[in-house]
Amino acid sequence: MSEQGAGMINSWSKIRLILKSRLGKNIFKNWIESIELVKIEKKSAFFNVPNSFIANWIDRNYRETIIETFKNEEIFIDDILFEFKNKNSLPFSNEKNIPEKRDNNLSNIKNSLDNNNIELPSSPLDKRFTFERFVVGKPNELAHAAAKRVSEIGPVTFNPLFLYGGVGLGKTHLMHAIAWQIKKTNPSSRMLYLSAEQFMYRFVQALRFKDMYGFKEIFRSVDILMVDDVQFIAGKESTQDEFFHTFNALVEQGKQLVISGDRAPGEIDGLEERIKSRLAWGLVVDLHPTDYELRLGILQSKVEIQSKLHPGININNGILEFLAHRISSNVRVLEGSLTRLFAYASLVGRPIDIDMAQECLADILRISERKVTIEEIIRKVADHYNLRMSDMISARRSRTISRPRQLAMFLSKNLTSKSLPEIGRRFGGRDHTTVIHAVKKIEELKNKDLQIAEEVEILRRMLEA
Ligand code: ADP
Ligand code: MG
């Protein structure tokens, strides 16, 4: 990138931050986050946007704010213009565009088929979503292994592969990884990846232009079909119907299907029973919420990428551990916080330390904060040491009880925001000085005794999980 280009992108990241605080998090996330500044030419800023719907909306509602924010940064523009990221997919565009789109889509696809050209109408693939960049841990190892197997295009052993899990846990990443791998090792196989929304869009277009023949021809001629976020077609009857027939036709021909959803097939409301049962035919694998180790691993691997983008900015392992502890299981949020830390550090020229991280990520940390209660702590600690809850708050002083009790007080001080007197009260009406003593005692022991340190750590993780 030219120096000027790099400068422009830097100002854009700064302007984005300002827009975020001016417009608020939600508006920012819904509209501004997905657009990218491409160039500034003749006093116009050109943005890349996902579709015309977003472009229209931004133009109508945020045009002035954007221009003004640029101005405050001494970049003087008087117009904002839009280009579309993916010209083949304009799900929200208005009527008058449709005939042209039809040319772009279906007839092109048909031509390419007739020409025996293997380019299929796949949705764009994210360059970063490869197997190399997928960090494997306990919560996702099965999904990863299954995806790898499919990408080898061996004999079809399970069909479909159904991947499911909450948002941001890596479903799309794994599907793109399969696609990249196949492109690399089996470039001649006919692989088609698209979201269920795209599937519906193409289906509706085919109906509208009476081109069901072309539609079927395309979808039934692939070697591997991947449909992301299948829950999207729930409640949409005719699309489901077509999906069902496509599915059957491909399975009959021994072609591989990979489908993802936000929950198990049986739990997707509004999906026909026959489809639910088809989806459960093959291998159903879920991506579990990430655990601490996986989050740390992911952070470590993403740091390498960020460090290349922001040379000279360092982040130590302590901060990564802090983030892995404190940020929820959604990997997208985890990644976003790292990006933000590096951007912030390079914009304001401040090293990344705990204070800075806490300040810069206050919103994220607040949401992710799990509210652990003193009751939970008492229960977990009692369970762990085979005691009764009543022992924990009793007046008994034998070592086997008093030590776990002190530990529970220590954890209450560290994991909740309750005051010392409040904690004392919950432990059978003890004085706050008793709590102070317990906290000191455990801190001391932790430093001397590895086993205690480890137990504290284990309990803390169980409570924070
Ligand atoms: P989903 O489709 O399940 O909502 P994505 O596949 O879009 O989630 O993942 C969200 C983000 O998190 C992406 O940027 C992806 O690269 C990243 N991500 C998720 N899981 C991992 C992982 N195990 N290793 C590396 N990056 C991951
Ligand atoms: Mg996804």
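**Exercise 1. The open sheet**

Give the strand order of the open sheet in this predicted model, and state which strands stand at its edges.

Solution. Step 1: the open sheet has 5 strands, in the order S5-S6-S7-S4-S8, and their pairing is parallel. Step 2: S5 (191-195) and S8 (283-286) each have a single partner strand, so they stand at the edges and one side of each is left without a neighbour in the sheet. Step 3: from one strand to the next, the twist averages 15°.

**Exercise 2. The pairing of S5 and S6**

Describe how S5 and S6 pair, and name residues that stand opposite each other.

Solution. Step 1: S6 covers residues 224-228, and its parallel pairing with S5 runs over 5 bridges. Step 2: Met191 stands opposite Ile224 of S6. Step 3: Leu194 has Val227, in S6, as its bridge partner. Step 4: as for cover, 4 of the 5 residues of S5 are buried, which leaves this strand mostly covered.

**Exercise 3. Helices on the sheet**

Find which strands are touched by helices H7 and H10, and give the angle of each helix with a strand.

Solution. Step 1: helix H7, residues 171-185, packs on the sheet and touches S4 (161-164), S5, S6 and S7 (256-261). Its direction makes about 160° with that of S6. Step 2: helix H10, residues 237-252, also packs on the sheet, where it touches S6 and S7. The direction of H10 makes about 145° with that of S7.

**Exercise 4. The surroundings of Val227**

Decide whether Val227 is buried or exposed, and list the residues it touches beyond four places in sequence.

Solution. Step 1: Val227 belongs to strand S6. Step 2: the relative accessible area of Val227 is 1%; the cut-off for buried is under 20%, so Val227 is buried. Step 3: leaving out residues up to four places away in sequence, Val227 touches Met175, Leu194, Ser195, Ala196, Phe243, Val258, Ile259 and Ser260. Step 4: one of these, Val258, is 31 residues away along the chain, and its C-alpha atom is 6.4 Å from that of Val227. Step 5: Leu194, another residue in the list, is also the bridge partner of Val227.

**Exercise 5. Salt bridges between helices**

The structure holds 25 salt bridges. For Arg22 with Glu68 and for Glu335 with Lys302, give the N to O distance and the helices that are linked.

Solution. Step 1: Arg22 and Glu68 meet through their side chains at 3.2 Å, N to O. Step 2: Arg22 is in helix H1 and Glu68 in helix H4 (residues 63-72), so this pair ties together parts 46 residues apart in sequence. Step 3: Arg22 has a relative accessible area of 39% and is partly exposed; Glu68 has 39% relative accessibility and is partly exposed.

Step 4: the side chains of Glu335 and Lys302 form a salt bridge at 2.7 Å, N to O. Step 5: Glu335 lies in helix H14 (residues 331-348) and Lys302 in helix H12 (residues 292-309), a link between distant parts of the chain, 33 residues apart. Step 6: Glu335, at 28%, is partly exposed, whereas Lys302, at 15% relative accessibility, is buried.

**Exercise 6. A further pair and a network**

Classify Lys29 and Glu33 by accessibility, and name the members of a salt-bridge network that includes Arg63.

Solution. Step 1: Glu33 and Lys29 form a salt bridge in which the closest N and O atoms are 3.8 Å apart. Step 2: Lys29, with a relative accessible area of 54%, is exposed because the cut-off is over 50%. Step 3: Glu33, at 36%, is partly exposed. Step 4: the network links Arg63 with Asp59, Glu64 and Asp79 through salt bridges.

**Exercise 7. A surface patch and the whole protein**

Which residues form a nonpolar patch on the surface, and what percentage of the residues in the protein is buried?

Solution. Step 1: the patch consists of Leu17, Leu347 and Val348, which together have about 210 Å² of accessible area. Step 2: Leu17 is placed in helix H1, residues 3-23, and is partly exposed at 33% relative accessibility. Step 3: of the 465 residues in the protein, 46% are buried. Step 4: the protein exposes about 24000 Å², with carbon and sulfur atoms supplying 50% of that area. Step 5: the secondary structure comprises 22 helices and 8 strands. Step 6: among contacts with a separation of 6 or more, 73% are between residues 24 or more positions apart.

Notes:
Residues are numbered from 1 along each chain as its sequence is written. Chains are lettered from A and ligands numbered from 1 in the order in which they are written. This is a predicted model: local features need pLDDT of at least 70, side-chain atom pairs count only at pLDDT 80 or more; totals for chains, interfaces and linings use all residues. Side-chain values use heavy atoms; hydrogens and water are left out. Two strands pair if DSSP finds at least two bridges between them. Helices (H or I, at least four residues) and strands (E, at least two) are DSSP runs, numbered from the N terminus. Axes are lines fitted to C-alpha atoms, for helices over the stretch in contact, and angles run from 0 to 180 degrees between N-to-C directions. Contact means heavy atoms within 4.5 Å. Patches are made of residues with over 30% relative accessible area and no salt bridge: like charges are joined within 9 Å, nonpolar side chains (Val, Leu, Ile, Met, Phe, Trp, Tyr) within 5 Å. Accessible areas come from the Shrake-Rupley method with a 1.4 Å probe; for residues, only the protein chains shown count as cover. A salt bridge is a side-chain nitrogen of Lys or Arg within 4 Å of a carboxyl oxygen of Asp or Glu. Buried means under 20% relative accessible area, exposed over 50%, partly exposed in between (1.4 Å probe, protein chains only).
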